[in-house]
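User: Hi, I've got a structure open and I don't know where to start. Can you walk me through it?
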Amino acid sequence: MNDDDGLMSSFHSDQLHANVASVPDGLCWVSVLSCLLLACSYVGSLYVWKSDLPRDHPAVIKRRFTSVLIVSALSPVFVWSWKEFTGIQPGPSLLALMGIRLEGLIPAIILPLLLTMVLFLGPLIQLAMDCPWGFINGMKVVVDPCFWTLCLGDMRWLRNQVVAPFTEELVFRACMLPMLVPCAGPSTAIFTCPLFFGVAHFHHVIELLRFRQGTVSGIFLSAVFQFSYTAVFGAYTAFIFIRTGHLVGPVLCHSFCNYMGFPALSTALDHPHRHTILFFYVLGVVLFFLLIFPMTDPLFYGLPTPVCTLTSTPGSICS
């Protein structure tokens, strides 16, 4: 970082310190309640349509698309209202705080996704070994318009790869983190924000119980596992959002993880080439932890990232 960058960072820190000092004592309560209301609005919108059909039915998916897209479109209003109520006057615009900006866009598209693929190195190698297509045939499928036409016509694919990643990252990361960072600081916000995300996924229990898709104990054990997994994943994408200051990285990582699913370790252990696959599982995890800070260095994306200007004590997460 050069002297000018240091002066700018110091200026932002001093400016925010003054802003935070002037906000009400109940800032944290306002921030948490705003996040809770936003999370409830998102999940509640899924149930405004009464139906006896399961969640994977195309008609149900289409109706829920309408609901979550409306809530997502209105979600910036929560951040704006929070800003007006608390009196915090950030330097960056509202869109920039929510990770919608041009500076550092190309690295934000490429680097976080590559980092996530490194973490999934083992499953990717396993997928490549089991795939009946060669590399050339696989590339032909990827560039075939018919393939993408089929994908876009599949409601479940649209939900898992497009609508859910975009709306969930917009609501649970881009809108909530700017409200939590001034109160809790970047590091604490990274682990607080995913709690709303994890709890929001408990609504799946209602549908599993409603359609009797398993025993009660099995359903709740599955819900606890899903909460844990989504909370850890939410902390990861929150980390990416704060480090890069962009929404696109978390959205692409979310879509990729939805496609890959949770790593099938049991399948890997039974695989004929299990030693090779397990080696890449371990290698991927080791490389991930070695690269997580270098590949998300804010210098690639514009320093300081907008959300980091909301705290006077940014710490190592923001630098």
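Analyst: Let's go through the overall make-up, some helices, the salt bridges and a surface patch. This is a predicted model, where local features need pLDDT of at least 70 and side-chain atom pairs count only at pLDDT 80 or more, while totals for chains, interfaces and linings use all residues. Residues are numbered from 1 along each chain as its sequence is written, and side-chain values use heavy atoms, with hydrogens and water left out.

User: Cool. How many helices and strands does the protein have?
Analyst: There are 15 helices and 0 strands. Both are DSSP runs numbered from the N terminus: helices are H or I with at least four residues, strands are E with at least two.

User: And how much of it is buried?
Analyst: Buried residues are 43% of the 319 in the protein. Buried means under 20% relative accessible area, exposed means over 50%, and partly exposed is in between (1.4 Å probe, protein chains only).

User: What does the UniProt record say about transmembrane regions?
Analyst: The unreviewed UniProt entry puts "transmembrane region" on residues 29-49, 105-129, 170-197, 218-241, 247-265 and 277-296. Positions follow the numbering used here, feature names are shortened, and annotations may be inferred rather than shown by experiment. In the model, residues 105-129 are 96% helix and 0% strand, with end C-alpha atoms 33 Å apart. For residues 277-296 the figures are 75% helix and 0% strand, and the ends are 27 Å apart.

User: Let's zoom in on α2. What span should its 19 residues have?
Analyst: They should span 27 Å at 1.5 Å a residue, and the end C-alpha atoms are 27 Å apart, which agrees. The expected span is 1.5 Å times one less than the number of residues.

User: Which residues in α2 are buried?
Analyst: Among them are Leu27, Val30, Ser31, Ser34, Cys35 and Leu38. Ser31 counts as buried because its relative accessible area is 0%.

User: What does serine 31 touch?
Analyst: Leaving out residues up to four places away in sequence, serine 31 touches Trp82, Met179, Leu180 and Cys183. Contact means heavy atoms within 4.5 Å.

User: New topic: how many salt bridges does the structure hold?
Analyst: It holds 5. A salt bridge is a side-chain nitrogen of Lys or Arg within 4 Å of a carboxyl oxygen of Asp or Glu. Arg55, Asp56 and Arg159 are linked in a network of them. The closest N and O atoms are 3.9 Å apart for arginine 55 and aspartate 56, and 2.8 Å apart for aspartate 56 and arginine 159. That second pair links distant parts of the chain, 103 residues apart: aspartate 56 is in the loop between α2 and α3, and arginine 159 is in helix α9.

User: Is arginine 159 buried or exposed?
Analyst: Arginine 159 is buried, because its relative accessible area is 14%. Aspartate 56 is partly exposed, at 36%.

User: Last one: which residues form the nonpolar patch on the surface?
Analyst: Phe135, Ile136, Met139, Val142, Val143, Phe147 and Trp148 do, with about 710 Å² of accessible area together. Helices α7 and α8 each give two or more residues, and α7 gives the most, with 4. Patch residues have over 30% relative accessible area and no salt bridge; like charges are joined within 9 Å, and nonpolar side chains (Val, Leu, Ile, Met, Phe, Trp, Tyr) within 5 Å. Accessible areas come from the Shrake-Rupley method with a 1.4 Å probe, and for residues only the protein chains shown count as cover.
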